Amino acid sequence: KELTASSPPVNTKPLRSSGIDIVKIFAAIMVVTVHFYLNTAFYAVIPITDSNFIPPIMLLWTAYTCVPLFMITTGYLMKNKTLTKGYYKGIVKIVVFYLAVSTICLIYKIKHGAELTPWEILRGYLRFSHCDYAWYVEQYFVMFLCIPFLNLAFSGLKSKKQHIALLVTVIVLFSVAPSFYLGFDPADQIKPLPEFPTRVYPVAYYYLGCYIRQYPPKKNLSTKLAAFGIFAAALAFLTYSLYTQSKNNENQYFRSYHFFEYYSYPVFAAAGGIFVLLHDIRFRSKILVKVLSIISQTSLLTYLMSRIFDMKYYDPFNYKYEYPDFLLRFRHIYEIVPKVYFLSLLWSLVILAVYSGIAKIINHFLKPKET
C-alpha cells in the first residue's frame with residue numbers, strides 16, 4: 001500500500017550481517033591463544049608423553065586457523081575492489097596502525113634495556129621487527145598491491161566451473177603440493193607434487209574468500225553440518241598426526257613434519273570450515289551488531305598489540321607454573337589469554353578512537369567548502 005501523508009516512514013533497511021565481524025574477532029582471540037603455546041615453550045622442550053596432551057593439541061590446531069581466517073576474510077571483503085586511485089588510499093589506515101604499534105613496542109623495549117642506534121630504529125620499522133608479530137602486516141602489504149589484479153583474474157572468468165577450476169588450481173599448488181607426502185618415514189617419503197611456490201599460499205586463501213562471496217553457501221543446517229564436519233575431520237587428522245609424530249620423536253618433543261605451516265592442506269580445510277560456519281551469522285539487536293562492528297575494526301590492532309602484553313605477562317606466568325609441567329600451565333590458560341586479549345583490545349580501541357578523531361579533523365579541513 002502507498003504511504004499516506006500522515007504515515008510514518010518505515011525503516012526496512014536490514015541490519016548488517018555480523019558474521020564477518022565474528023570471524024575477525026574469533027581470529028584475533030585465536031592469535032592470542034596460539035601465542036600461549038609460543039610463550040610457554042610448548043614447541044621446544046615439552047615432552048608430549050600421554051593422551052593428556054590431546055586437548056591442548058586440539059586447541060592449538062583450532063587457534064592455528066587465526067591467520068588463514070584473516071586471509072579468507074580479506075578475499076571475501078575485497079573481492080570487488082578495482083584498480084583506482086582511491087583504492088590505494090585504503091592502505092593508509094594499515095600503515096598508521098602499524099607505525100603506532102611498532103612505536104609502542106619500540107618504547108617498551110627501550111624502557112626494558114634495549115639499546116638501539118638511529119639506524120637500527122629505522123631498520124626495525126622497515127624490516128617489521130619492532131613488533132615481533134608484524135610479519136603479517138608485511139604480507140598484507142604485498143597482498144594489498146596484488147588484490148586489484150587478482151580480482152581482474154577472478155572476475156574475468158565467465159562461469160562457476162571456471163571459478164572452481166581456479167580455486168582448485170591455487171589450492172593444489174599453494175596448499176596441497178607443499179604439504180602432501182606419500183609414506184610416513186621422513187627418510188624415504190615421496191613428494192608427488194612440486195613445492196616451489198610455498199610463499200604464495202595467501203592467494204589460495206584469498207580466492208577461497210572470493211569464491212564464498214561469489215557463490216554463498218546455502219544458509220541451512222546441512223551446510224553448517226558439512227562445514228563442521230570438514231573442520232572436525234581436519235582437526236582430528238592434525239591432532240592425531242602431531243600427537244603420534246611427537247610421541248615417536250626423540251625425547252618426545254613437539255614434531256609436525258609437514259602440517260605446522262599456514263599453507264598445509266588440513267589447516268586450509270579447518271579454516272575454511274570455521275569460516276563457513278561463522279561468516280553469515282546475523283543478530284536482531286542493533287546494539288550487539290554495533291558493538292561487534294567496532295570490536296572487529298580493532299582485530300589487526302589487537303593482533304599486534306598482544307605482543308606488548310605477551311612480553312609483560314608471560315615471564316611471571318611461566319615462573320609461577322614452572323617447567324616441565326606444561327599441563328599445569330595449560331590448566332591455567334584462563335589466567336593469561338583473556339587478560340592479554342582484553343588489554344590488547346582496550347588499547348586497540350584507544351588507538352582506533354584517536355585515529356578516527358584525527359581522520360575526521362583532517363577530512364574536515366580537506367573537504368571543499370561550499371560557496
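This report describes aromatic ring pairs, and charges placed over rings, in a predicted model.

## Aromatic pairs

A pair of aromatic rings is described by the distance of the centres and the angle of the planes. The structure holds 46 aromatic pairs. Two of them are set out below, one stacked and one edge-to-face.

## Trp135 and Tyr262

The ring centres of Trp135 and Tyr262 lie 6.0 Å apart, and their planes meet at 15°. Planes under 30 degrees apart count as stacked, so this pair is stacked.

The pair links distant parts of the chain, with the two positions 127 residues apart in numbering. Trp135 belongs to helix α7, which covers residues 135-155. Tyr262 is in the loop between α10 (221-248) and α11 (265-278).

How exposed or buried are the two residues? Trp135 has a relative accessible area of 32% and is therefore partly exposed. Tyr262 has a relative accessibility of 15%, so Tyr262 counts as buried; the cut-off for buried is under 20%.

## Tyr206 and Tyr207

Tyr206 and Tyr207 also form an aromatic pair, with 6.0 Å from centre to centre. The angle between their planes is 65°, and the pair is edge-to-face. Planes over 60 degrees apart count as edge-to-face.

Tyr206 has 0% relative accessibility and so counts as buried. Tyr207, at 4%, counts as buried too.

## Charges over rings

Which residue has its charged end over the ring of Tyr181? The residue is Lys191, and its charged end is 4.7 Å from the ring centre.

Tyr76 has the charged end of Arg213 over its ring, at 5.1 Å from the centre.

Conventions: Residues are numbered from 1 along each chain as its sequence is written. This is a predicted model: local features need pLDDT of at least 70, side-chain atom pairs count only at pLDDT 80 or more; totals for chains, interfaces and linings use all residues. Side-chain values use heavy atoms; hydrogens and water are left out. Rings of Phe, Tyr and Trp (its six-membered ring) pair if their centres lie within 6.5 Å; planes under 30 degrees apart count as stacked, over 60 as edge-to-face and the rest as tilted. Helices (H or I, at least four residues) and strands (E, at least two) are DSSP runs, numbered from the N terminus. Buried means under 20% relative accessible area, exposed over 50%, partly exposed in between (1.4 Å probe, protein chains only). A charge sits over a ring if NZ of Lys or CZ of Arg is within 6 Å of the ring centre and within 35 degrees of the ring normal.
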